[in-house]
Amino acid sequence: MGSNAETGIESPDGAANPIETDYEIGQDNITTQIGPFGLDVHNPVFLISGLSIVAFVFLTLAFQDSVGPMFNDMRGWLTSTLDWFFLSAANVFVLLCLFLIVSPLGKVRLGGQDATPDYSYSGWFAMLFAAGMGIGLMFYGVSEPISHFTTSMGGAVVGDGGARTDWAPLGGAMGDADAAFDLGMAATIFHWGLHPWAIYATVALALALFSFNKGLPLTMRSVFYPVFGERVWGWTGHVIDIMAVFATLFGLATSLGFGAEQANAGLQFLFGLPESDGSKVFLIIGITGIALISVLAGLDAGVKRLSEINMVLAALLLLFVVLVGPTMDIIKGFFTSLVAYVEYLPALSNPVGREDANFSQGWTSFYWAWWISWSPVCRYVHRARIAGPDGAGIHYLCSDHSVAGLCAVDDRIWRDGGAYGQ
């Protein structure tokens, strides 16, 4: 491996046992200047992924009526065929993170034994939470538990072929509002609690370890160096990185689409702005522009500052909901929902023999694939943190805040009669 100046990778501070390789970071890159903008891109990865995405977008827009059903069928096939894999992988990630928190293997400091953190715990937490949840939590935070409550109240419905046609989690809770409330909240916490943050932690820690401690590029191919060795610098690694680009970009598009839908609905309700494809396109352009400015400003001036503003606004919203009340009912509902989550967790995380195929495949498998696609965004800010107690532990702290927000807002809606009134 070349020196820090040659590779562009910050050298570990103290003992870190870097990997020795003849590969020089950037040796395959294309460097050029287009007007005031300088480009430094990886040759096969950027060209193949970029051209493929442009072709995908063009074909999708040109043949919307044809590709829409095809994409729905493809998603249904993937989530139904690989549901056992998604659920099993997420369970393994949870156990791995818990193991790292208590194991000596989790005491590795990312960036070397003498590395010092670039960000405070509050800044680090803000960037992780904003990147990890963001639009999704706002979009599904209210609608999902109400959906699970409604379907649970309807109970299990068996079709002519003997298969269930309902979307209720597990066996539902026909006619029992209290049980349906507990099951709805447990299913929602399951999708936004330990499992998604364990997925984030596993991928982020792997990327951070191989970059900050082993001196390899901050890309997915580096994680596979122990498996493929020097082949990760060839087409084996190119394919890995191309797939990572596809997964991350389409995961981002999913979140952006949900956010545009929600923002458009809110603007229509408040100001009468029509819900149309044009409105959503303008919203997506605006959101993308703000994100682009934040990224170009850098982590300190852009991403960190925007994340902290986001956390302040989220905290004010949570505080407002709790104080407006009923405060004690909301606090009680938080602990009641946690107990329900622990009670239903083994059944909800079971990857085999499920009868609630619509829920486990249409909800859970979709979520786990979505979280996996987003996982690389939480990588850089882990530098100088302890892998287990800090790296994995802070992700579980993020899950606690997700649960608190869900319980506070949804309990208020139930207390106002929004769900029980149905």
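What share of the 422 residues in the chain is buried? In this predicted model, buried residues make up 41% of the chain.

**Overall architecture**

The chain is built from 16 helices and two strands. Its accessible surface amounts to about 21000 Å², and carbon and sulfur atoms account for 69% of that area. When contacts between residues at least 6 apart in sequence are considered, 74% of them join residues at least 24 apart.

**Nonpolar cores**

The largest nonpolar core holds 33 residues, and those touching the most other members are Met133, Tyr140, Tyr367, Trp368 and Trp371. Several helices give two or more residues to this core; they are listed below with their residue ranges.

| Helix | Residues |
|---|---|
| H4 | 83-102 |
| H5 | 121-132 |
| H6 | 135-154 |
| H7 | 177-192 |
| H8 | 194-213 |
| H14 | 327-348 |
| H15 | 357-374 |

Helix H15 provides the largest share of this core, with eight residues. The surroundings of Trp371 can be described in detail. Apart from neighbours within four places in sequence, Trp371 is in contact with Gly132, Met133, His191, Trp192, Pro196, Ile199 and Tyr200. A second core, separate from the one above, has seven residues, among them Phe210, Tyr225, Val232 and Trp233.

**Nonpolar surface patch**

On the surface, Ile30, Phe46, Leu47, Ile48, Leu51, Trp235, Val239 and Met243 make a nonpolar patch of about 790 Å². Two helices, H2 (43-62) and H11 (235-271), each supply at least two residues of the patch. The largest share, four residues, comes from H2. Met243, one of the patch residues, is located in helix H11.

**The setting of Ser294**

Ser294 lies in helix H12, which spans residues 277-296. Is Ser294 buried or exposed? Ser294 counts as buried because its relative accessibility is 10%, and the cut-off for buried is under 20%. The side chain of Ser294 reaches the backbone nitrogen of Val303 at 3.1 Å. With residues up to four places away in sequence not counted, Ser294 touches Gly302, Val303 and Leu306. Val303 thus appears both as a residue touched by Ser294 and as the owner of the backbone nitrogen that the Ser294 side chain reaches.

How values were computed. Residues numbered from 1 in each chain as written. Predicted model: local features only at pLDDT ≥ 70, side-chain atom pairs only at ≥ 80, totals over all residues. Heavy atoms only, no water. Patch = residues over 30% accessible without salt bridge, like charges linked within 9 Å, V, L, I, M, F, W, Y side chains within 5 Å. Areas by Shrake-Rupley, 256 points an atom, 1.4 Å probe, with all protein chains shown as cover. Salt bridge = Lys/Arg side-chain N within 4 Å of Asp/Glu carboxyl O. Buried < 20%, exposed > 50% of the residue type's maximum accessible area, 1.4 Å probe, protein only. Contact = heavy atoms within 4.5 Å. Core = buried A, V, L, I, M, F, W, Y, C linked by side-chain atoms within 4.5 Å. Polar contact = N/O pair within 3.5 Å; in protein donor to acceptor, adjacent residues only side chain to side chain.
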